[in-house]
Amino acid sequence: MTKLRTLLVGAVLALALTCGVLAQQLTSRTLTGVESWSIATGGPGGPSIFTNIAEVRNATGVVTTALTTGTLSTLTNTTASTLISTVASVSLTVNLPVTPWDGEIFEWCNGTAGAFTAGTVAVTDGSTIVGSTATGALAASASVEYRYVLSTNSWYKVR
């Protein structure tokens, strides 16, 4: 009986060790922002909605650009909430994300050692921007931030 108990304990320990060694990571560190799931809004068995990780974490990632002039309009809710300019803007216009959700944040960072000469944010979806749309001479390593409010369909300059 003692041998059987020892053998059984050894088998359980070997199984536990093997599972620990072979276990796979259950989380992803490379979320794209489009991963979605259903969330119940009325309790179990009630109505539900789909949401994505971009809304939950109020961000979708970071995009860098070396553009200094022109218009950057490739930003969407699933590609960026933070834009880092790697070259100082001379007259770059950045279109804010289209179809934003309530509370969405957009940040434009000057990731250079020099000040922006000029930069502007704009909208293309009928929403409005409250406060200045110009970044002006944004200092090196400084940033501007806008937050969207659904009830007013407006982006507010926070800083």
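## A guided tour from Asn110 to the parallel sheet

Select Asn110 and display its surroundings: leaving aside residues up to four places away in sequence, Asn110 touches Ser85, Ala115, Phe116, Leu138, Ala139, Ala140, Ser141 and Ala142. Please note that the model is predicted.

**Asn110 in its setting.** Keep Asn110 selected and add residues 105-110, which form strand S7, the strand that holds Asn110. With the surface switched on, is Asn110 buried or exposed? Its relative accessible area is 1%, and because buried means under 20%, Asn110 counts as buried. Next, add Gly114 and draw a distance from the side chain of Asn110 to the backbone oxygen of Gly114; the value is 2.9 Å.

**The whole chain.** Now zoom out and colour by secondary structure. The protein contains two helices and eleven strands. Followed along the sequence, these elements give the pattern α-β-β-α-β-β-β-β-β-β-β-β-β. Of the 159 residues in the protein, 29% are buried. A surface representation covers about 9,400 Å² of accessible area, with 63% of this belonging to carbon and sulfur atoms. A contact map adds a further view: among contacts between residues at least 6 apart in sequence, 46% join residues at least 24 apart.

**The three-stranded sheet.** Select S4, S6 and S8 together. In which order do the strands of this open sheet lie? The order is S4-S6-S8, and the pairing is parallel. Strand S4 (69-72) and strand S8 (119-122) are the edge strands; each has a single partner strand, so one side of each lacks a neighbour in the sheet. On average, neighbouring strands of this sheet are turned by 10 degrees against each other, direction ignored. As general background, strands of a sheet pair through backbone hydrogen bonds, in either a parallel or an antiparallel manner.

**From S4 to S6.** Restrict the selection to S4 and to strand S6, residues 91-95; the two run parallel and are joined by four bridges. Label Thr71 and look across to S6, where its bridge partner is Thr93. Then label Gly70, which stands opposite Leu92 in S6.

**From S6 to S8.** Keep Leu92 labelled and bring S8 back into view. Which residue of S8 does Leu92 stand opposite? The residue is Gly119. Leu92 is thus a convenient label to retain, as it stands opposite Gly70 and also opposite Gly119. S6 and S8 pair in the parallel sense, and four bridges connect them.

Note on methods
Residues are numbered from 1 along each chain as its sequence is written. This is a predicted model: local features need pLDDT of at least 70, side-chain atom pairs count only at pLDDT 80 or more; totals for chains, interfaces and linings use all residues. Side-chain values use heavy atoms; hydrogens and water are left out. Two strands pair if DSSP finds at least two bridges between them. Axes are lines fitted to C-alpha atoms, for helices over the stretch in contact, and angles run from 0 to 180 degrees between N-to-C directions. Buried means under 20% relative accessible area, exposed over 50%, partly exposed in between (1.4 Å probe, protein chains only). A polar contact is a pair of N or O atoms within 3.5 Å; within protein, one must be able to donate a hydrogen and the other to accept it, and residues adjacent in sequence count only if both atoms are side-chain atoms. Contact means heavy atoms within 4.5 Å. Accessible areas come from the Shrake-Rupley method with a 1.4 Å probe; for residues, only the protein chains shown count as cover.
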